[in-house]
Structure formats: structure tokens, C-alpha cells
Amino acid sequence: MRLLLGCFIALCSYVTVASATTEIIMGYRTTAKMPYIHAEPSDDGFYFELYDEAAKRIGAKLKVVRLPKLRVLIALEAGEIDFYPGFAFDEERAKYAYWVPNGTYQRDVAITLKGRPLMTQATSLDGLTQLVALGNPDYLVGRDTSQMDQLTVSELDVGRAMTFLRRGRADFYVYEEDTLRYFLKTEGSSDMMIHPQFVDRSSPSWAGFSRNSALFEGQENPAYDPNLPLAWNNMPMRLVPGSVIDEFQQALHQMEMEGWTQALYRKYFE
């Protein structure tokens, strides 16, 4: 009888674990970034479809939490949310984050009102004012910004950024090229100008996972080179093979190899 009872308890335990669905929490600010994600309360857009598909492929469920940008970053660092969907690399964030390529690529550019001379990496920033979203990375690393001003704004979406530029509150804004061009196209804005050679920053797009997340399992990275700068692909730690985030990363990679990700990109951007 005791043996039968023990077997029954063990079977019940197995069923409970096997039927429990892992929840992967994506955090994002409350404002829109079209066509990646709508403003709160809607989570529809490229990000949700992409990461929801990856979660489904590993038997997990995607949950979305919307908070003001600074609070999202605080929650990410604490591990209260698992990842941020489009997370640019910088060394400050490397203290708590781990980067997973999502199968897309991005280039950062500057945008200004029309009529300004074309800006390049050689353009002096003296006397200019850069519009900056609170919580965004430093897009001008290595540039001389000592004689430049910054206007930092919380919860800044592209539409508000254009308003600040039109009102003369700032001279330029740096952001992802695809998002800016999508806005100009859909809004019919003809008074703005993109400067594609202003920033030397073209790279894969990443999901930024919190190393303090309960889902994160890391181990020493034998390929890490301490003599090189920290980078998304030169970190002291790597994912444990077979862990939840590793499986999620492999699903994203497989989606890219299948052409699934590019088809989704065309659906939203073309």
C-alpha cells in the first residue's frame, strides 16, 4: 500500500512539473515604438509576434509588463522582469545584462529639421543640443561632447521627439533608422532630414536579459578575452546549454535561419 501511495505521489509531482508553463516576462516602456509595439495598453506589434513565437517554440508563455522606461530598467536590473526586447549594449548595462541576438539588424542615425548641412562623424558638436530619451544608451561614445548640450526627456517616443525638434528645443535626435523612416513614411513628415553617416553604430539587434532573472543560468565563458573591450559577444559569462534562456536564444536563431523573422519584418516595415 505504501509503495502504491509513493508511486501515486511521485506521478502527481511529475504531472505538476510537466504541465507547468514557464513564463518569460518582457518589459517595455508605456509609450509606442511603431511598428515594434503600440502604446499601452496594447502590446501588439513586431516585438510581441517575434518573442511570442520563440516562447511557444520552447513550450513557454510570453508575458508583457509595461512601465515607465526608468522603472523598466530598474526592474530589469533587479530581475523582476526577464528581458527588454530591443536593448543596445553599453558597459554600464553589462553589469547586470546578457545580450541575445533576435535575428534582426539595426543602424542608428541622426535626424534634424531639413536645411541643416549633412552631419557625419566628423561634424563638430559644439553649440548643438542633442535630444535624449531618459534611459537610452550613449550614442556618441568617443565623440567630443564637452561643448554640446543635452535635453533629456522621459517617456520620449518618436512623435514627441519630432515636436521637440520642430519647436527648436533641440538640434538633433539619434535613434534607430528603421523606426525613424517608418514614422516619416506613415506620418507624411516632409520637414525632417536623416543623417545616415552621423553615428558609427550598426549591429545586430538584441534582447537584453537580466542576469538576476530566475531564468538566467550562466557559466564561465572560455572564449572571453579580458584584453578586449566588453561587448555583447565578449562577456565573462555565457548561457548554460539547455537552460531556458539558451533554448529561447536557439529558437530565435532557428527562426532567423528559416526566414521566419525576415518575413515578419517585411510584414511590419515594407
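In this predicted model, helix 2 covers residues 46–57, and its length can be checked with simple arithmetic: at 1.5 Å a residue, its 12 residues should span 16 Å, and the end C-alpha atoms lie 17 Å apart, so expectation and model agree. Buried positions in helix 2 are F46, Y47, L50, Y51, D52, A54 and A55. Just past the end of this helix, G59 adopts a positive phi of about 75°.

Helix 2 also leads into the interior of the protein. In soluble globular proteins, nonpolar side chains tend to be buried together. Here the largest nonpolar core comprises 47 residues, and Y51, F83 and F248 have the most contacts inside it. Helix 2 is the top contributor to this core, supplying six residues. F83 is worth a closer look: leaving aside residues up to four places away in sequence, its contacts include Y51 and F248. F83 also touches I24, I25, M26 and G27, along with L62, L76, A207, G208 and F209. A second core, separate from this one, has 31 residues, among them A110, A161, I194 and V199.

Turning to helix packing, a pair of helices is described by the angle between the two axes and the distance between them. For helix 4 (residues 158–166) and helix 5 (residues 177–187), the axes come within 10 Å and cross at roughly 75°. An angle of 65 to 115 degrees counts as roughly perpendicular, and helix 4 and helix 5 are therefore roughly perpendicular to each other. Helix 4 brings V158, G159 and M162 to the contact, while helix 5 brings T179, L180 and F183. By character, the residues of this contact are four nonpolar and two polar, with no charged ones.

How values were computed:
Residues numbered from 1 in each chain as written. Predicted model: local features only at pLDDT ≥ 70, side-chain atom pairs only at ≥ 80, totals over all residues. Heavy atoms only, no water. Axes fitted to C-alpha atoms, helices over the stretch in contact; angles between N-to-C directions. Helix = DSSP H or I, 4+ residues; strand = E, 2+ residues; numbered from the N terminus. Parallel < 35°, antiparallel > 145°, perpendicular 65-115°, else oblique. Contact = heavy atoms within 4.5 Å. Nonpolar A, V, L, I, M, F, W, Y, C, P; charged D, E, K, R; others polar. Expected span 1.5 Å × (residues − 1). Buried < 20%, exposed > 50% of the residue type's maximum accessible area, 1.4 Å probe, protein only. Core = buried A, V, L, I, M, F, W, Y, C linked by side-chain atoms within 4.5 Å.
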